[in-house]
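I opened a fresh page for this one. My plan is to go through it piece by piece and note what I find.

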Amino acid sequence: MPVANKRRLILAAVKARQGAVAPYSKFKVGAALLTESGEIITGANVESASYGLTCCAERVALFKALTGGRRGFVAVAVVARLTGGATPCGACRQLLSEYAPDAVVWVADSRKLRQVREFSVKELLPAAFAEVP
Ligand code: THU
């Protein structure tokens with residue numbers, strides 16, 4: 001994966017993070033997906049007063065991308081103000097394993113954007129549940 005793509009995707013996640021709606025936790029997260037054709041689709045977390053309804057940035061980006069007809073995701077970047085960056089939660093890992101199984105996951109702290117940790121989706125969710133027979 002070219003370094004330029006990593007930088008571009010991280011910066012897209014930084015920008016997307018500005019759209020976070022996080023009045024309860026105040027923890028803003030931005031996510032950006034890269035398709036094999038080079039398109040970027042972004043999302044940010046949206047919280048609810050009924051806390052459990054909150055949707056993470058990764059899922060917002062994924063749902064936008066999927067409902068916009070995009071497939072073939074090669075990378076996802078996640079940016080939050082957290083030491084080492086925020087790795088996707090379990091629910092997001094499940095959806096990533098279904099719709100972006102071969103993607104690289106880049107996470108970065110919004111204060112240290114040049115320090116990017118890299119994971120594969122398979123590493124984040126080994127032995128994932130795949131489909132109902
Ligand atoms: N959150 C994300 O958007 N992505 C993550 O990877 C971790 C958590 C959001 C959900 C909630 O709005 C806030 O961060 C605190 O958990």
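Which residue follows α2, and what is its phi? I looked it up: G69 comes after α2, and its phi is positive, near 90 degrees. I keep in mind that this is a predicted model.

**Helix α2**

I stayed with α2, residues 57-67. How many of its eleven residues are buried? I find eight, so the helix is largely enclosed by the rest of the structure. My list of the buried ones reads A57, E58, R59, V60, A61, L62, A65 and L66. I note that E58 and R59 are on that list.

Next I asked what these residues pack against. The partners are three strands, β1 (29-35), β2 (40-44) and β3 (73-80), and the helix α3 (90-99).

**Nonpolar cores**

I then turned to the largest nonpolar core, which has 23 residues. Which members touch the most others? They are L33, L62, F73, V76, L96 and V105. I traced the contributors: β1, α2, β3, α3, β4 (104-109) and α4 (121-124) each supply at least two residues of this core. α2 gives the most, five residues.

Apart from this core I find another, of 13 residues. Its members include I10, A32, A108 and L113.

I picked out F73 for a contact list, leaving aside residues up to four places away in sequence. F73 touches L33, L34 and T35. F73 also touches L62, A65 and L66. Y99, A100 and A103 complete the list.

**Strand β1**

Is β1 mostly covered or mostly open? It is mostly covered, with seven of its seven residues buried. I sorted them by direction. V29, A31, L33 and T35 point one way, while G30, A32 and L34 point the other way. That fits the general pattern: in a regular strand, side chains alternate between the two faces of the sheet.

I checked the pairing next. β1 and β3 are antiparallel, with seven bridges. β1 and β2 are antiparallel too, joined by five bridges. I followed L33 across both pairings. Its bridge partner is V76 in β3 and I41 in β2.

What lies between β1 and β2? The two strands form a hairpin with four residues between them. In the turn, G38 has a positive phi of about 95 degrees.

**Ligand surroundings**

Which residues surround the ligand? I list S25, F27, V29, N45, E47, T54, C56, A57, E58, T87 and P88. V29 belongs to β1, and both A57 and E58 are among the buried residues of α2.

I looked at polar distances to oxygen atoms of the ligand. For E47, a polar side-chain atom is 2.5 Å from a ligand oxygen. For N45, a polar side-chain atom is at 2.9 Å. For A57, a polar backbone atom is at 2.9 Å.

**Cysteines**

I searched the whole structure for disulfides and found zero. C55 has C56 as its nearest cysteine by sulfur, at 6.4 Å, and is in no disulfide. C55 counts as buried, at 16% relative accessibility.

Why is C56 not bonded to C89? The sulfur of C89 is the closest cysteine sulfur to that of C56, but the two are 3.8 Å apart, too far for a bond. The cut-off I applied is 2.5 Å. I add that C56 is also one of the residues around the ligand.

How values were computed: Residues are numbered from 1 along each chain as its sequence is written. This is a predicted model: local features need pLDDT of at least 70, side-chain atom pairs count only at pLDDT 80 or more; totals for chains, interfaces and linings use all residues. Side-chain values use heavy atoms; hydrogens and water are left out. Buried means under 20% relative accessible area, exposed over 50%, partly exposed in between (1.4 Å probe, protein chains only). Contact means heavy atoms within 4.5 Å. A nonpolar core is a set of buried Ala, Val, Leu, Ile, Met, Phe, Trp, Tyr and Cys residues joined through side-chain atoms within 4.5 Å. Two strands pair if DSSP finds at least two bridges between them. A residue is near a molecule or strand if one of its heavy atoms lies within 4 Å of it. A polar contact is a pair of N or O atoms within 3.5 Å; within protein, one must be able to donate a hydrogen and the other to accept it, and residues adjacent in sequence count only if both atoms are side-chain atoms.
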